Amino acid sequence: MGSIEAPIITTIDADQCEAVWPLSVEAGWNQNVADWRFMLSAGRGFGCRDQNGIWQASSLVLPLGDKLAWISMVLVTNTRRRGGLGTGLLKRCIAEVQASGAVAGLDATDDGRPIYLPLGFRDLYRIARWHFDGAKDARSNIALRPLAPSDLAAVIAYDCALSGMERPALLKHLAGRQPNTAWVAETAGRLKGFVMGREGRSASSIGPVVADDETIGLALIGRAAASVPGPFIIDVPDAHAEIRAWLEQQGAVSPRGYMRMTLGRAPGLDDPGHLFALAGPELG
């Protein structure tokens, strides 16, 4: 018998965003075409097609500065699963990150974590994904105002100092995706936190939320959720009990979660003390 040819891995260019989107739809994920377009433009995608040119699998590397890169969107269509295709794409992404001299990061599902641990990834902290239909503005005395274009430089510097990530392109992109969810907290003209959001395929995603403390982070989340119609999803590190209690009061449920992991050490990334919601597991 002849040997089975190994799948050919090719790059996924940004002009393929609509063609590759059905993979995340099939998986039930929330990304829309705008998400794919940004990720493929700012990062590098790898995938495999069938003989008709239809994408059967995908993966993505999104640089977050020179020292960190995020691996995500490892998807395989149902008919091609359990054949090693996803693992092959994951290893291709790892090789891409390591060739650049960066540390690889990702957010692993409970099913994915056993695959990543033998490859050398280590646990940082757990994250819960929450779903809720709507929310009342969180009552607080925190001074909040809509994010303005003139705030972006300060927001980018603030985020870099507190999140452990360098993501100016992402923040500029998100600031324009769903402007009504973009807010800043400030005291005496000093930035104390920010929130951004984006529309998704089936729900609006709130995040990232970075702030001086959890009370400010909660005020920002509440304001964003009160500013646009639901439903919503938000990914919150488990360490933030005050935000978890507020979400439960809004009727939110958390059917699944993630483990933030890195292959190597990324200073500042292992402490979610100022990170109150992720941009999303696909974005870091």
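The buried residues of helix α6 pack against α2 (33-42), α5 (152-163), β9 (190-198) and β10 (204-211). This is a predicted model, and α6 is a good place to enter it.

**Helix α6**

Helix α6 spans residues 168-177. Its buried residues are Leu 170, Leu 171, Leu 174, Ala 175 and Arg 177. Viewed down the axis of α6, these fall within an arc of 160 degrees, so they line one face of the helix. Lys 172 and Gly 176 are exposed on the other side of α6. An α-helix has 3.6 residues a turn, so positions three or four apart point the same way.

**Helix α8**

Which residues of α8 are buried? In this helix, residues 241-249, they are Ile 243, Trp 246 and Leu 247. They cover an arc of only 100 degrees around the axis, which puts them on the same side of α8. Their packing partners are β6 (122-132), α7, β11 (232-237) and β13 (275-277). Just after α8 comes Gly 251, with a positive phi of about 85 degrees.

The two helices are set out below.

| Helix | Residues | Buried residues | Arc of buried residues | Packs against |
|---|---|---|---|---|
| α6 | 168-177 | Leu 170, Leu 171, Leu 174, Ala 175, Arg 177 | within 160 degrees | α2, α5, β9, β10 |
| α8 | 241-249 | Ile 243, Trp 246, Leu 247 | 100 degrees | β6, α7, β11, β13 |

**The cores**

In soluble globular proteins, nonpolar side chains tend to be buried together. Here the largest nonpolar core has 72 residues. Met 196, Ile 206, Leu 220, Ile 234 and Leu 247 touch the most other members. Helix α7 (residues 214-227) gives the most to this core, with seven residues. Apart from it lies another core, of 22 residues. Val 61, Ala 69, Ala 108 and Met 261 are among its members.

What does Leu 220 touch, leaving aside residues up to four places away in sequence? Its contacts include Leu 144, Trp 183, Val 184 and Ala 185. Gly 193, Phe 194 and Val 195 are also among them. So are Val 209, Val 210 and Ala 211.

**Two acidic residues**

Asp 35 is found in helix α2. Is Asp 35 buried or exposed? At 4% relative accessibility, Asp 35 counts as buried, since the cut-off is under 20%. Not counting residues up to four places away in sequence, Asp 35 touches Asn 30, Arg 177, Arg 198 and Glu 199. Arg 177 is one of the buried residues of α6.

Glu 186 lies in strand β8 (residues 183-187). Its relative accessible area is 23%, so Glu 186 is partly exposed. Beyond residues up to four places away in sequence, Glu 186 touches Ala 143, Arg 145, Leu 191 and Lys 192. With Arg 145 there is a polar contact of 2.9 Å between the side chains. Leu 75 is 111 residues from Glu 186 along the chain, and their C-alpha atoms are separated by 40 Å.

**The whole protein**

The protein has eight helices and 13 strands. Buried residues make up 51% of its 284 residues. Among contacts between residues at least 6 apart in sequence, 72% join residues at least 24 apart.

A compact globule of 284 residues would have a radius of gyration near 19 Å; the protein has 19 Å, which agrees. Along the principal axes, the C-alpha atoms fill a box of roughly 75 × 35 × 35 Å. The protein exposes about 12700 Å², and carbon and sulfur atoms supply 51% of that area.

Notes
Residues numbered from 1 in each chain as written. Predicted model: local features only at pLDDT ≥ 70, side-chain atom pairs only at ≥ 80, totals over all residues. Heavy atoms only, no water. Helix = DSSP H or I, 4+ residues; strand = E, 2+ residues; numbered from the N terminus. Buried < 20%, exposed > 50% of the residue type's maximum accessible area, 1.4 Å probe, protein only. Contact = heavy atoms within 4.5 Å. Polar contact = N/O pair within 3.5 Å; in protein donor to acceptor, adjacent residues only side chain to side chain. Core = buried A, V, L, I, M, F, W, Y, C linked by side-chain atoms within 4.5 Å. Arc of directions from axis to C-beta. Rg over C-alpha atoms; globule rule 2.2 N^0.38 Å. Areas by Shrake-Rupley, 256 points an atom, 1.4 Å probe, with all protein chains shown as cover.
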